[in-house]
Amino acid sequence: MKDFNVTRLDHVQLAMPAGGEDAARAFYAGKLGLCEIDKPAALAGRGGCWFSGGGVNLHLGVEEPFRPAQKAHPALVVDDLDAAQVALSGGEISELPGVRRFFVADPFGNRIEIMQTV
């Protein structure tokens with residue numbers, strides 16, 4: 001018997017190679033407009049970086065050997081998919097019932113879905 005309920009998603013973690021923090025900042029803060037947030041002191045020495053914005057928390061952690069997520073992915077909702085596609089040099093827009101979307105790769109090859117509800 002279940003005595004608890006899941007109430008929300010706190011964050012998604014993606015892997016990145018060691019030394020990729022500047023590239024992560026350029027993409028996640030520079031292109032997506034998320035804000036970098038401080039990692040807890042106990043985790044800061046491990047490398048990587050954390051970002052937050054629009055109710056989204058993304059953590060990038062160093063993984064060695066590194067292998068990008070090519071199928072698993074976070075899906076980020078935007079308010080203007082066409083503008084996001086131009087800004088991110090995104091792939092072709094496709095549609096599902098109630099959703100328009102495209103995919104991009106972060107600087108490390110991780111798959112990211114960018115979507116807008118219609």
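In this predicted model, strands β2 and β3 (residues 49-53) run antiparallel to each other and pair over three bridges. Within that pairing, I37 sits opposite W50 of β3. The two strands belong to an open sheet of four, ordered β1-β4-β3-β2, and the pairing across the sheet is mixed. Its edges are taken by β1 (12-16) and β2 (35-37), each of which pairs on one side only. On average, neighbouring strands here are turned by 30° against each other, ignoring direction. Helix α1 packs on this sheet and touches β1, β2, β3 and β4 (56-62). The direction of α1 makes about 5° with that of β3.

Helix α1 covers residues 21-31, and E21 is part of it. The odd thing to look at here is charge: E21 is buried, yet it has no salt bridge. For E21, the nearest side chain of opposite charge is R25, and that is 5.7 Å away. The 4 Å cut-off for a salt bridge is therefore not met by this pair, at 5.7 Å. What the side chain of E21 does reach is the backbone nitrogen of G48, at 2.7 Å. Leaving aside residues up to four places away in sequence, E21 touches M16, G47, G48, C49 and V62.

R25, for its part, is busy elsewhere. Side chains of opposite charge can pair when their charged atoms come close. R25 meets D22 in a salt bridge, with 3.2 Å from N to O. Both residues are in α1, and because they are three residues apart there, about one helical turn separates them. D22 counts as exposed, with a relative accessibility of 61%, while R25 is partly exposed at 31%. The side chain of R25 also meets that of E36 in a salt bridge, at 2.7 Å from N to O. R25 lies in helix α1 and E36 in strand β2, so this pair ties together parts that are eleven residues apart in sequence. E36 is partly exposed, at 38% relative accessibility. Put together, D22, R25 and E36 are linked in a network of salt bridges.

The salt bridge count comes to six. One of them joins R100 and E95, whose closest N and O atoms are 3.9 Å apart. The two ends of this pair sit in contrasting surroundings: R100 counts as buried, at 17% relative accessibility, whereas E95 counts as exposed, at 60%.

A further open sheet has four strands in the order β5-β8-β7-β6, again with mixed pairing. The edge strands are β5 (75-77) and β6 (94-96); each has a single partner strand, so one side of each is left without a neighbour in the sheet. Neighbouring strands of this sheet are turned by 35° against each other on average, with direction ignored. Strands β7 (residues 99-105) and β8 (residues 111-117) pair in the antiparallel sense, over seven bridges. F102 has I114 in β8 as its bridge partner. Helix α3 (residues 81-88) packs on the sheet, where it touches β7 and β8. The direction of α3 makes about 10° with that of β7.

Methods. Residues are numbered from 1 along each chain as its sequence is written. This is a predicted model: local features need pLDDT of at least 70, side-chain atom pairs count only at pLDDT 80 or more; totals for chains, interfaces and linings use all residues. Side-chain values use heavy atoms; hydrogens and water are left out. Buried means under 20% relative accessible area, exposed over 50%, partly exposed in between (1.4 Å probe, protein chains only). Lys and Arg count as positive and Asp and Glu as negative; His and the chain ends are not counted. A polar contact is a pair of N or O atoms within 3.5 Å; within protein, one must be able to donate a hydrogen and the other to accept it, and residues adjacent in sequence count only if both atoms are side-chain atoms. Contact means heavy atoms within 4.5 Å. Two strands pair if DSSP finds at least two bridges between them. Axes are lines fitted to C-alpha atoms, for helices over the stretch in contact, and angles run from 0 to 180 degrees between N-to-C directions.
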